[in-house]
Amino acid sequence: MNKVHLFSHNDLDGFSPALLGKLAFPEDKFEYSCVGIGRIDQVITEFLETNKEMEIDLYITDISVNEEVAKMLQKRVQKGQKVVLIDHHASAIPLAEKYKWAYVQPVYEDGTKTAATSLFYDYLVEQTFLEKTPILDEYVELVRQFDTWDWFANQNEKAKQLNHLFYLISRDEFQNAVLPVLQSEEEVFQFSERHQTLLEVEEKKIEKYIREKQKQMMKASLAIGGKEWKAGIVFAESYQSELGNALCLEDEEIDFSAMVDMGRRKIGFRTVKEDLSLIDVVVPLGGGGHPKAAGCSLTKETFELFVQSHLFQNEERS
């Protein structure tokens, strides 16, 4: 069997395919790299330049590559190397239309939103690398629901807690805690007593953080992509999913919330409006994501649009 190297995003939906890979492939054959969106092209390029052998199967999940890297991968495919890219972001569809090794599916045939973890799980099962089990089914669904925000509509608190735990502890601890559960004969995914305590403390911190940020939100009218939007803007480096959702629910006047993370130079967007897709907001800004949760980089242009134009004006406060 060839060696396998997985490249993936570094959030829960990006790291979970690495866990599935550990279950599907022999330990001495499988390696993975989970990185941020801004580094994926560099990481894959460096890997290809360092590893010239064709006997390494390459998988890319929950993240796309630019055209230059895609051409490098295509050359490898033409020489006989296995490359499979599996993504669920609509922004990656053009890549799938051009290259046969790229598979992008934002929704299943029944209309259910996909996640990289669920798509990779489907692939591993279909290719007989992995067998379905009740515990794997539940874990994959928890990840899918959180990443697509279906957990909110379904009131699935466990999905939200799983994401919290992912960021509360180290990746090694998360892996060491989750893998044995996924390998067990249990049918229900459960947190350990220690992790449950951590999650309860975290929930109280989040509630306090949201209350403080709700008082700081600025409301502004923005022209993006040829449309006028009403945005709730706030500086926030933590708990963007919960905060963004709470801001939208608190103030029905805004179309979406925009959370500016100065440290990471990113802006996160959330909306709860059924008839609004954030893709229409972030793509003109050079970003991407999902209809209800998306993001873009904090550039000179987006800083001017979301911060400089409103920070010192007498804007309405929520």
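A crossing of two helices is called left-handed if the near helix is turned anticlockwise from the far one by less than a right angle. This tour of a predicted model will come to such a crossing after a view of the whole chain.

**The whole chain**

Begin with the entire chain displayed as a cartoon. The chain contains 13 helices and 11 strands. Its C-alpha trace spans about 65 × 45 × 35 Å along the principal axes. A compact globule of 318 residues would have a radius of gyration near 20 Å, and the chain agrees with this, because its own value is 20 Å. If the display is coloured by accessibility, buried residues account for 51% of the 318 residues. Of the contacts between residues at least 6 apart in sequence, 63% join residues at least 24 apart.

**Helices H1 and H6**

Next, select residues 12–24, which form helix H1, together with residues 134–148, which form helix H6. Two packed helices are described by the angle between their axes and the distance between the axes. Here the axes come within 10 Å and cross at roughly 160 degrees. Angles over 145 degrees count as roughly antiparallel, and H1 is therefore roughly antiparallel to H6. The crossing of these two helices is left-handed, in the sense given at the start.

Now show the side chains at the contact. H1 contributes Leu-12, Asp-13, Ser-16, Leu-19, Leu-20 and Leu-23, while H6 contributes Leu-136, Tyr-139, Val-140, Val-143 and Asp-147. Sorted by class, the contact has eight nonpolar, one polar and two charged residues.

**Helix H2 and its surroundings**

Move to helix H2, residues 40–50. Which residues of this helix are buried? Select Ile-40, Val-43, Ile-44, Thr-45, Phe-47 and Leu-48 to see them. An α-helix has 3.6 residues a turn, so residues three or four places apart point the same way. Then add the elements against which the buried residues of H2 pack: strand E1 (3–9), strand E2 (30–35), strand E3 (56–61) and helix H3 (67–78).

**Two residues with positive phi**

Most residues other than glycine have a negative phi. The next two selections have positive values. Asp-62 is located in the loop between E3 and H3. Although Asp-62 is not a glycine, its phi is positive, at about 60 degrees. Asp-62 is buried, and its relative accessible area is 2%.

For the second, go to the loop between strand E8 (256–261) and strand E9 (266–270), where Arg-265 is found. Phi of Arg-265 is near 55 degrees, again positive in a residue other than glycine. Is Arg-265 buried or exposed? With 60% relative accessibility, Arg-265 counts as exposed.

**Phe-269 in strand E9**

Continue into strand E9 and select Phe-269. Its relative accessibility is 0%, and Phe-269 counts as buried. Add Tyr-99 and draw a line from C-alpha to C-alpha: the two residues are 30 Å apart in space and 170 residues apart in sequence.

**His-290 and its contacts**

Finish at His-290, in the loop between strand E10 (288–289) and strand E11 (293–297). His-290 counts as buried, at 13% relative accessibility. Which residues does His-290 touch, not counting those up to four places away in sequence? They are His-88, His-89, Asp-147, Leu-278 and Ile-279. Asp-147 has appeared on this tour already, among the residues of H6 that make the contact with H1.

Methods
Residues are numbered from 1 along each chain as its sequence is written. This is a predicted model: local features need pLDDT of at least 70, side-chain atom pairs count only at pLDDT 80 or more; totals for chains, interfaces and linings use all residues. Side-chain values use heavy atoms; hydrogens and water are left out. Buried means under 20% relative accessible area, exposed over 50%, partly exposed in between (1.4 Å probe, protein chains only). Helices (H or I, at least four residues) and strands (E, at least two) are DSSP runs, numbered from the N terminus. Contact means heavy atoms within 4.5 Å. Axes are lines fitted to C-alpha atoms, for helices over the stretch in contact, and angles run from 0 to 180 degrees between N-to-C directions. Angles under 35 degrees count as roughly parallel, over 145 as roughly antiparallel, 65 to 115 as roughly perpendicular and the rest as oblique. Ala, Val, Leu, Ile, Met, Phe, Trp, Tyr, Cys and Pro count as nonpolar, Asp, Glu, Lys and Arg as charged, and the others, Gly among them, as polar. The radius of gyration is taken over C-alpha atoms; the globule rule is 2.2 Å times the number of residues to the power 0.38.
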